[in-house]
Amino acid sequence: MATTPSDEVDAGRTWLTEHGDSTSPQREVLRTVVGSGVHGIAVEGSDDHDEMGVCVEHPRSVLGVGHVDGHYVARTVPEGHRSHHGDVDLVLYSLRRYLALVMTGNPTALLPLFTPPADVVLTTPLGERLRALGPQLLSQRAGHRFLGYLRSQRERMLGAAAGAPNRPELVAAHGYDTKYASHALRLAVQGLEVARQGRLTLPVPEPDRQLVLSVKRGERTQEQSLALIDARAAELEELLASGRSPLPEHPDLDAVSAWSTAEHLRYWSEHDLLG
């Protein structure tokens, strides 16, 4: 079998957990870093390494009756174990599923579209065309999704979310889960930028980056962190309710569908998958 770009990227990695369509990496067109590092808020020695990629499904999966969803997850830790510093978590989405996630405004799914070149792990001509499409995929839905995600992280920080991962070492050191708090504040900051300016700057611009880091390092009390989170969440909520956001209310589904159809047909033809 011919070597693919993902083979070269993943050389030396041993996947101890794998789920989904194992053929997805053969048709990967884009992969970027999506964890704390791309946001500029990684704390040395404490964060694992997260990557997200996009692949094109085989035409049999799209047109045939034995549909296989192009969703693949691989981790360098065993099933059921938390990832720690040095571990790698990878998720690949089919192009169709990825576009659907982006059009809902999913904050994590948006990252590969705006990741700086230094954090692009793998790309292709289709991957670059997808990244160029990024600003056109944004809508006010993204602002609402950022709000929802930050509220979820806030609840987890307060211990109100059932099933949230337990980080007793952070609670013991700082009196609360500073990682959840930093995620909530980062989402509020980024949601405001998306809703106000129709873009997502990575890493988080200063001085907000240092503010988020101060929360993550436990340099602020829980009450101070909550005040920062709630103030920015209120700004975002008011902006969306006021109608002042320059973003359209909804993405242009017909235009994105036409783009996706054309790109699938082009990829399948270029890779001799239509025979």
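**Figure 1. Surroundings of Asp177 in the loop between helix H8 (168-174) and helix H9 (178-197).** This is a predicted model, in which local features need pLDDT of at least 70 and side-chain atom pairs count only at pLDDT 80 or more, whereas totals for chains, interfaces and linings use all residues. Residues are numbered from 1 along each chain as its sequence is written, and side-chain values use heavy atoms, with hydrogens and water left out. Helices (H or I, at least four residues) and strands (E, at least two) are DSSP runs, numbered from the N terminus. Asp177 is buried, with a relative accessible area of 4%; buried means under 20% relative accessible area, exposed over 50%, and partly exposed in between (1.4 Å probe, protein chains only). The side chain of Asp177 makes a polar contact with the side chain of Arg167 at 3.0 Å, and the Asp177 side chain also reaches the backbone nitrogen of Tyr180 at 3.2 Å. A polar contact is a pair of N or O atoms within 3.5 Å; within protein, one must be able to donate a hydrogen and the other to accept it, and residues adjacent in sequence count only if both atoms are side-chain atoms. Residues up to four places away in sequence being left aside, Asp177 touches Met157, Arg167, Leu170 and Val171, where contact means heavy atoms within 4.5 Å.

**Figure 2. Leu211 in helix H10 (residues 208-216).** With 15% relative accessibility, Leu211 counts as buried. Its contacts, not counting residues up to four places away in sequence, are Leu185, Arg220, Leu228 and Arg232. Leu211 and Leu138 are separated by 73 residues in sequence and by 26 Å in space, C-alpha to C-alpha.

**Figure 3. Ser24 in the loop between strand S1 (17-20) and strand S2 (28-33).** The relative accessible area of Ser24 is 0%, so this residue is buried. When residues up to four places away in sequence are not counted, Ser24 touches Cys55, Gly70, His71, Tyr72 and Leu92.

**Figure 4. Salt bridges of Glu193 with Arg199 and of Glu206 with Arg209.** A salt bridge is a side-chain nitrogen of Lys or Arg within 4 Å of a carboxyl oxygen of Asp or Glu. In the pair formed by Glu193 and Arg199, the closest N and O atoms are 3.3 Å apart. Glu193 is buried at a relative accessible area of 11%, while Arg199 counts as partly exposed at 42%. The side chains of Glu206 and Arg209 meet at 2.8 Å, N to O. Here Glu206 is partly exposed, with a relative accessible area of 45%, and Arg209 likewise counts as partly exposed, at 22%.

**Figure 5. The Arg266 to Glu270 salt bridge and a salt-bridge network that includes Asp10.** The closest N and O atoms of Arg266 and Glu270 are 3.2 Å apart. Because Arg266 and Glu270 are 4 residues apart in helix H12 (residues 253-270), about one helical turn separates them. Arg266 is partly exposed, with a relative accessible area of 40%. Elsewhere, a network of salt bridges links Asp10, Arg13, Glu28, Arg31 and Glu51. A search of the whole structure finds 18 salt bridges.

**Figure 6. The contact between domain 1 (8-136) and domain 2 (140-242).** Domain bounds come from an automatic or database domain assignment. The C-alpha centres of the two domains lie 23 Å apart, and the contact takes 19 residues from domain 1 and 21 residues from domain 2. About 1800 Å² is buried between domain 1 and domain 2, with carbon and sulfur atoms giving 60% of this area. Buried area is the accessible area (1.4 Å probe) that two parts lose on being put together, summed over both. Of the area that domain 1 buries against domain 2, His39, Ile41 and Pro107 supply 32%, more than any other three residues. Between the domains there are 0 salt bridges and 8 residue pairs in polar contact (both at pLDDT 80 or more). On the side of domain 1 that touches domain 2, the elements giving two or more residues are helix H2 (36-39) and helix H5 (107-114). H5 gives the most to that side, with 4 residues. By class, the side of domain 1 that touches domain 2 has 10 nonpolar, 7 polar and 2 charged residues; Ala, Val, Leu, Ile, Met, Phe, Trp, Tyr, Cys and Pro count as nonpolar, Asp, Glu, Lys and Arg as charged, and the others, Gly among them, as polar.
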